[in-house]
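I opened this entry to go through the fold one element at a time. My notes follow in the order I looked things up.

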Amino acid sequence: MTTAKASIPAQPGSALSAQDAMLENIVGVAIFDFSGLPQEYFITTDNESTSWVQLVFQALGLKSLLMSSLKLEGFSYICIELEQQTAVVVRTKDEYIALLMRQPLTFATAQESDRFCHWVRQFERRLLREHERFVAA
């Protein structure tokens, strides 16, 4: 399996270019409520499929079942490895945001995964609605 190291720059001055680089690597976005039901999808012209959303839906259902059965707490993100892509699901204050990444995604350190999750939590749907690559499905 080929993996790509996530690169989220720490310098505030490069935030715009870092955000653009991250958006280029995202080929789909799905927003789920806390019960795990999809609310909104965004696709790109280079990946118009939403079949991966079903896998995220199932993973969120399994997560809920396991957390209640095993009395687990503290979910921040999950990665679902697909053949050529990775779906990353991040819990935010109000919802779950699932991102379909163009290529498999791994983090070299816990700090990298924390920075990535922080970036997703700051993510605004408005950005997707206004960005030329994304179309509401």
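I started with a yardstick for helices: the expected span is 1.5 Å times one less than the number of residues. I also noted that this is a predicted model.

**Helix H2**

I applied the yardstick to H2. This helix has 20 residues and reaches 29 Å from its first C-alpha to its last, close to the 28 Å expected.

Next I asked which residues of H2 are buried. I found Trp-52, Val-53, Val-56, Ala-59, Leu-60, Lys-63 and Met-67. They cover an arc of only 115° around the axis, so they sit on the same side of H2. I recalled the general rule: an α-helix has 3.6 residues a turn, so residues three or four places apart point the same way. On the other side of H2, I noted Ser-51 and Leu-65 as exposed.

What covers the buried residues of H2? My list includes S2, S3, S4, S5 and S6. Just after H2, I saw that Lys-71 takes a positive phi of about 55°.

**The sheet**

I traced the strand order next. Six strands form an open sheet, S4-S5-S6-S2-S3-S8, with antiparallel pairing. Why does one side of S4 and of S8 lack a neighbour in the sheet? Strand S4 (77-81) and strand S8 (134-136) stand at the edges with a single partner strand each, so one side of each stays without a neighbour. I noted the turn between neighbouring strands of this sheet as 20° on average, direction ignored.

I then placed H2 against the sheet. H2 (residues 51-70) packs on it, touching S2 (26-32), S3 (38-44), S4, S5 and S6 (96-101). The direction of H2 makes about 45° with that of S2.

**Strand pairs**

I went through three pairs.

- S4 and S5 (residues 86-91) run antiparallel and are joined by five bridges. The bridge partner of Glu-81 in S5 is Thr-86.
- S2 and S3 pair in the antiparallel sense, also over five bridges. Phe-32 stands opposite Pro-38 in S3. The hairpin of S2 and S3 has five residues between the strands, and there Gly-36 takes a positive phi near 90°.
- S3 and S8 pair in the antiparallel sense over three bridges. Phe-42 stands opposite Ala-136 in S8.

**Ile-80**

I picked one residue of strand S4, Ile-80. Is Ile-80 buried or exposed? Its relative accessible area is 17%. The cut-off for buried is under 20%, so Ile-80 counts as buried.

I then listed what Ile-80 touches, leaving out residues up to four places away in sequence: Leu-55, Val-56, Ala-59, Gln-85, Thr-86 and Ala-87. I checked Val-56 separately. Ile-80 and Val-56 are 24 residues apart in sequence and 7.7 Å apart in space, C-alpha to C-alpha.

**Nonpolar cores**

In soluble globular proteins, nonpolar side chains tend to be buried together. I looked for such groups here. The largest nonpolar core has 21 residues, and Ile-26, Val-29, Leu-99, Met-101, Phe-116 and Trp-119 touch the most other members. The elements giving two or more residues to this core are H1 (15-25), S2, S5, S6, H3 (110-121) and H4 (125-130). Which of them gives the most? I found H3, with four residues.

I closed with a second, separate core of 16 residues, which includes Ala-30, Phe-32, Ala-87 and Ala-98.

Conventions: Residues are numbered from 1 along each chain as its sequence is written. This is a predicted model: local features need pLDDT of at least 70, side-chain atom pairs count only at pLDDT 80 or more; totals for chains, interfaces and linings use all residues. Side-chain values use heavy atoms; hydrogens and water are left out. Two strands pair if DSSP finds at least two bridges between them. Axes are lines fitted to C-alpha atoms, for helices over the stretch in contact, and angles run from 0 to 180 degrees between N-to-C directions. Contact means heavy atoms within 4.5 Å. Buried means under 20% relative accessible area, exposed over 50%, partly exposed in between (1.4 Å probe, protein chains only). The arc is that of the directions from the helix axis to the C-beta atoms. A nonpolar core is a set of buried Ala, Val, Leu, Ile, Met, Phe, Trp, Tyr and Cys residues joined through side-chain atoms within 4.5 Å.
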